[in-house]
Amino acid sequence: MSDCVEVEGKVVAVLPGTMFRVEIANGHQVLAHISGKLRKNFIKLTVGDRVKMEMTPQDLEKARIVYRLKNADAPRSVPRRSFGPRR
């Protein structure tokens, strides 16, 4: 891996094409996409999730999301599972 900066942020908008608008702690917003490992393991991201990102020092407007941090305050809708009719 080349020279990269790891930062944490909060997802503020979900954009088309698996792109996200993420706000860093200093208030700066960057355009981020998810890494292949998150895509492969079907990790879902919603507004309010805290994420860890990698950024290059050359372009501080774009980032790659590499990890979704554990947080209980994000609104997450749990799918209702149906195991057949109840008797």
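## Exercises on a predicted five-strand model

Leaving aside neighbours within four places in sequence, Val51 is in contact with Val7, Glu8, Gly9, Val11, Val22, Leu45, Ile65, Tyr67, Arg68 and Leu69. The model is a predicted one, and the exercises below start from this residue.

### Exercise 1. The chain and its core

Describe the order of the elements in the protein chain, and place Val51 in the largest nonpolar core.

Solution.
1. The protein chain contains one helix and five strands. Read from the N terminus, their order is β-β-β-α-β-β.
2. The chain has 87 residues, of which 26% count as buried. Its accessible surface is about 6,700 Å², and carbon and sulfur atoms account for 54% of that.
3. The largest nonpolar core holds 15 residues; Val51 is one of those that touch the most other members, together with Phe20, Val22, Val30, Met53 and Ile65.
4. Two or more residues of this core come from each of the strands E1 (5–15), E2 (19–24), E3 (29–34), E4 (50–55) and E5 (62–68).
5. Of the contacts between residues at least 6 apart in sequence, 50% join residues at least 24 apart.

### Exercise 2. The strand partners of E4

Determine in which sense E4 pairs with E1 and with E5, and give a bridge partner for each pairing.

Solution.
1. E1 and E4 are paired in the antiparallel sense, over six bridges. Here Lys10 has Arg50, in E4, as its bridge partner.
2. E4 and E5 also run antiparallel, joined by four bridges. In this pairing, Met53 has Ile65 of E5 as its bridge partner.
3. E4 and E5 form a hairpin, with six residues between the two strands.

### Exercise 3. Charged pairs

How many salt bridges does a search of the whole structure find, and which parts of the chain do they tie together?

Solution.
1. Side chains of opposite charge can pair when their charged atoms come close.
2. The search of the whole structure yields two salt bridges.
3. One of them joins the side chains of Glu8 and Arg50, at 3.8 Å from N to O. Because Glu8 lies in strand E1 and Arg50 in strand E4, this pair ties together parts 42 residues apart in sequence.
4. Both residues are partly exposed: Glu8 has a relative accessible area of 44%, and Arg50 has one of 35%.
5. Arg64 forms a salt bridge with Glu54, with 2.7 Å between the closest N and O atoms. Since Arg64 belongs to strand E5 and Glu54 to strand E4, the pair ties together parts ten residues apart in sequence.
6. Arg64, at 30% relative accessibility, counts as partly exposed. Glu54 stands at 15%, so Glu54 counts as buried, the cut-off being under 20%.

### Exercise 4. Asp49 and Arg39

Is Asp49 buried or exposed, and is Arg39 buried or partly exposed? Identify a polar contact of each side chain.

Solution.
1. Asp49 lies in the loop between helix H1 (36–40) and E4. Its relative accessibility is 0%, so Asp49 counts as buried.
2. A polar atom of the Asp49 side chain lies 2.8 Å from the backbone nitrogen of Thr46.
3. Arg39 is found in helix H1. With a relative accessible area of 43%, Arg39 is partly exposed.
4. The side chain of Arg39 reaches the backbone oxygen of Ile34 at 3.4 Å.
5. Not counting residues up to four places away in sequence, Arg39 touches Thr18 and Ile34. Arg39 and Thr18 are 21 residues apart along the chain, and their C-alpha atoms are separated by 9.1 Å.

Definitions and conventions
Residues are numbered from 1 along each chain as its sequence is written. This is a predicted model: local features need pLDDT of at least 70, side-chain atom pairs count only at pLDDT 80 or more; totals for chains, interfaces and linings use all residues. Side-chain values use heavy atoms; hydrogens and water are left out. Buried means under 20% relative accessible area, exposed over 50%, partly exposed in between (1.4 Å probe, protein chains only). Contact means heavy atoms within 4.5 Å. Accessible areas come from the Shrake-Rupley method with a 1.4 Å probe; for residues, only the protein chains shown count as cover. A nonpolar core is a set of buried Ala, Val, Leu, Ile, Met, Phe, Trp, Tyr and Cys residues joined through side-chain atoms within 4.5 Å. A polar contact is a pair of N or O atoms within 3.5 Å; within protein, one must be able to donate a hydrogen and the other to accept it, and residues adjacent in sequence count only if both atoms are side-chain atoms. Two strands pair if DSSP finds at least two bridges between them. A salt bridge is a side-chain nitrogen of Lys or Arg within 4 Å of a carboxyl oxygen of Asp or Glu.
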